[in-house]
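Visitor: I should like to go through this model with you, beginning with the surface and ending with single residues. Shall we put it on the screen?

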Amino acid sequence: MSTAQKGQTAERLSVVYAVHVIEGGEQGFLDVYERIRKSVARVPGHLIDRLGQPLDGSRQWVITSEWETPEHFFAWQQGEDHRALVAPLREWVDETQSLRFRVIQETVGGKA
């Protein structure tokens with residue numbers, strides 16, 4: 001495994017969005033997430049996002065995304081398109097938490 005040089009990752013932003021899906025709301029949440037995912041994939045500066053499903057039945061799902069720079073993310077987040085896009089998500093979740101981290105190191109598997 002190798003660690004990427006700081007200069008290669010220092011400006012990237014990782015966003016972790018934890019959501020508690022309402023009981024019985026999993027399919028509605030997944031449908032809304034699919035629309036959001038497809039739209040976000042076209043946003044300048046967006047690199048990747050992942051959806052994590054709980055293994056323990058807690059209904060606590062995690063969405064992670066990575067952006068080229070914090071500025072790319074905040075430009076998208078503060079835009080009107082963002083608010084309209086994520087508004088339907090509120091119907092399916094009753095708690096949210098958002099964390100943002102500047103990526104300063106990263107380990108890539110399978111590389112010496």
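**Surface, fold and pocket**

Guide: The chain exposes about 7,200 Å², and carbon and sulfur atoms supply 51% of that area. Please keep in mind that this is a predicted model.

Visitor: And how much of the chain counts as buried?

Guide: Of its 112 residues, 33% count as buried.

Visitor: What about the secondary structure: how many helices and strands are there?

Guide: There are 4 helices and 6 strands. Read from the N terminus, the order of the elements is β-α-β-α-β-β-α-α-β-β.

Visitor: Of the contacts between residues at least 6 apart in sequence, what share joins residues at least 24 apart?

Guide: That share is 76%.

Visitor: Let us turn to pockets. What volume does the largest pocket have?

Guide: The largest pocket has a volume of about 440 Å³. It is lined by 22 residues, and those closest to its centre are Tyr17, Ile63, Trp76, His82 and Val86.

Visitor: Which elements give two or more residues to that lining?

Guide: Three strands do so, namely β2 (13-21), β4 (60-67) and β5 (93-102), together with the helices α2 (26-40), α3 (70-77) and α4 (80-86).

Visitor: And what is the make-up of the lining by class?

Guide: The lining of the largest pocket has 12 nonpolar residues, 6 polar ones and 4 charged ones.

Visitor: I would like to stay with β2. Why is it described as largely enclosed by the rest of the structure?

Guide: Because 7 of the 9 residues of β2 are buried.

Visitor: How does β2 pair with β4, and over how many bridges?

Guide: The two strands pair in the antiparallel sense over 8 bridges. Within this pairing, Val19 has Trp61 of β4 as its bridge partner.

Visitor: And how many bridges join β2 to β5?

Guide: There are 9 bridges between β2 and β5, and these strands also run antiparallel. Here Val16 is the residue to look at, with Leu99 in β5 as its bridge partner.

Visitor: Could you pick one residue of β2 and describe its surroundings?

Guide: Ala18 lies in that strand, β2. Its relative accessibility is 15%, under the 20% limit, so Ala18 counts as buried.

Visitor: Which residues is Ala18 in contact with, leaving aside neighbours within four places in sequence?

Guide: Ala18 is in contact with Gln60, Trp61, Val62, Glu95, Thr96 and Gln97. Ala18 and Val62 are 44 residues apart in sequence, yet their C-alpha atoms are 4.5 Å apart in space.

Visitor: Now for a helix. Is Tyr33 buried or exposed?

Guide: Tyr33 is buried, with a relative accessible area of 7%. This residue has its place in helix α2.

Visitor: What does Tyr33 touch, not counting residues up to four places away in sequence?

Guide: Tyr33 touches Asp49, Arg50, Leu51 and Ile63. From Tyr33 to Leu51 the separation is 18 residues in sequence and 8.7 Å in space, C-alpha to C-alpha. Ile63 was named earlier as well, among the residues closest to the centre of the largest pocket.

Visitor: One last point, on the backbone. Which residue has a positive phi although it is not a glycine?

Guide: Arg59 has a positive phi of about 70°. Arg59 is found in the loop between β3 (46-52) and β4.

Visitor: What is the relative accessible area of Arg59?

Guide: The value is 23%, and Arg59 is partly exposed.

Key:
Residues numbered from 1 in each chain as written. Predicted model: local features only at pLDDT ≥ 70, side-chain atom pairs only at ≥ 80, totals over all residues. Heavy atoms only, no water. 1 Å grid on protein atoms, 1.4 Å probe; cavity = no way out; pocket = protein on both sides within 12 Å on 5 of 7 lines; lining within 4 Å. Points joined across faces, edges and corners; volume = space filled by probe spheres on them. Nonpolar A, V, L, I, M, F, W, Y, C, P; charged D, E, K, R; others polar. Buried < 20%, exposed > 50% of the residue type's maximum accessible area, 1.4 Å probe, protein only. Pairing = 2+ DSSP bridges. Contact = heavy atoms within 4.5 Å. Areas by Shrake-Rupley, 256 points an atom, 1.4 Å probe, with all protein chains shown as cover.
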